[in-house]
Amino acid sequence: MNSSHLTDRSPISGTTLKIVGMLSMLIDHVGAFLLLPWINFQLIGITSADAQSAATWQQIYYATRAIGRLAFPIFCFLIVQGAIHTRNIQRYLLRLGIFALLSEIPFDLAKSQVIFDFSAQNVYFTLFLGLLTLAGMKHFKANTLIQVAIISSTCALSYFLNTDYDIFGVLLIVVLYLFKAERLYQVLAGIFIYLGYNFYALPSFILIYFYNGQRGKFNSKLFYLFYPIHLIILAGLARYLIYP
């Protein structure tokens, strides 16, 4: 079943997906790096009179994290689109690798309020490993065994490094790539993989289905820079507002 007749007139371009992804990620990180630490701080010595207020704020926190689940499948889909259309996948890998390294200190500061925290790595590392997998699969497209070995190796590395979304993230990128020829099957396969991780992401797959194939006019540099910049801002706000 070809779905192109449904998506050609859709207003959902690459720019739309990027904006939705960035906004949902921002809401998610406000919850994770500002709201949750603040709630935990407020719970110290809490009285029964304040319990209802604390419960309300916890529900707000859960809502921010649910909204935030929209971001990652969108970013994975955009990585696949980039891998399909890029003229130089090595340069694409280099760009992702550089931003993974640049984002690690902002990520550690936002997550742990320390400069270096090697217990977990930022999402750019997951996206880099996913793209690296696709590059290997394209290079060895005639050898299924080597492709399987590449997928297994990058999944293992994501798990060992404890990157954001780790194995689920790499596998989602691989599945979206394997089913790239038909959008409906691509989306269904992505749902099958990812909803085992978090079912709140379902709306993002609806947006992906109606992607119209147009990149849009969003500045790519701004898209890449948004991640480390907003993490630095959130880390600073948390330090000022919450931590002594």
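**Aromatic pairs and the helices around them**

Okay, let's start with tyrosine 211: its relative accessibility is 4%, so we count it as buried. Just so everyone knows, what we're looking at is a predicted model.

So how many aromatic pairs does a search of the whole structure find? It comes back with 16. One of them is phenylalanine 77 with tyrosine 211, and that pair is edge-to-face, with 5.3 Å centre to centre and 80° between the planes. What I like here is that this pair links distant parts of the chain, 134 residues apart. Phenylalanine 77 is in helix 4, residues 71-85, while tyrosine 211 is in the loop between helix 10 (202-209) and helix 11 (220-241). And is phenylalanine 77 buried or exposed? It comes out at 0% relative accessibility, so it counts as buried.

Next pair: tyrosine 194 and phenylalanine 205. The ring centres are 6.3 Å apart with the planes at 55°, so this one is tilted. Tyrosine 194 belongs to helix 9, residues 183-194, and phenylalanine 205 to helix 10, so the pair ties together parts that are 11 residues apart in sequence. Both tyrosine 194 and phenylalanine 205 are buried.

That brings me to the helices themselves. How do helix 9 and helix 10 run relative to each other? Their axes come within 10 Å and cross at roughly 165°. Anything over 145 counts as roughly antiparallel, so that's what we call helix 9 and helix 10. The crossing, by the way, is right-handed. On the helix 9 side you've got Arg183, Leu184, Val187, Gly190, Ile191 and Tyr194, and they meet Leu202, Phe205, Ile208 and Tyr209 of helix 10. So yes, Tyr194 and Phe205 from the tilted pair turn up in that list.

Now helix 10 against helix 4. These axes come within 8 Å and cross at roughly 30°, and the two helices are therefore roughly parallel. Helix 4 brings Pro73, Ile74 and Phe77 to the contact, and helix 10 brings Ser204, Phe205, Leu207 and Ile208. Notice that Phe77 and Phe205 are both in there.

Last bit, more rings. Phe75, Phe99, Tyr124, Phe223, Tyr224 and Tyr227 make up one aromatic cluster. Phenylalanine 223 also has a lysine over its face: that's lysine 18, at 5.3 Å from the ring centre. And there's lysine 180, which lies over the face of tyrosine 177 at 4.1 Å from the ring centre.

Note on methods. Residues numbered from 1 in each chain as written. Predicted model: local features only at pLDDT ≥ 70, side-chain atom pairs only at ≥ 80, totals over all residues. Heavy atoms only, no water. Phe/Tyr/Trp six-rings, centres within 6.5 Å; stacked < 30°, edge-to-face > 60°. Helix = DSSP H or I, 4+ residues; strand = E, 2+ residues; numbered from the N terminus. Buried < 20%, exposed > 50% of the residue type's maximum accessible area, 1.4 Å probe, protein only. Lys NZ or Arg CZ within 6 Å of the ring centre and 35° of its normal. Axes fitted to C-alpha atoms, helices over the stretch in contact; angles between N-to-C directions. Parallel < 35°, antiparallel > 145°, perpendicular 65-115°, else oblique. Left-handed = near helix turned anticlockwise from the far one by under 90°. Contact = heavy atoms within 4.5 Å.
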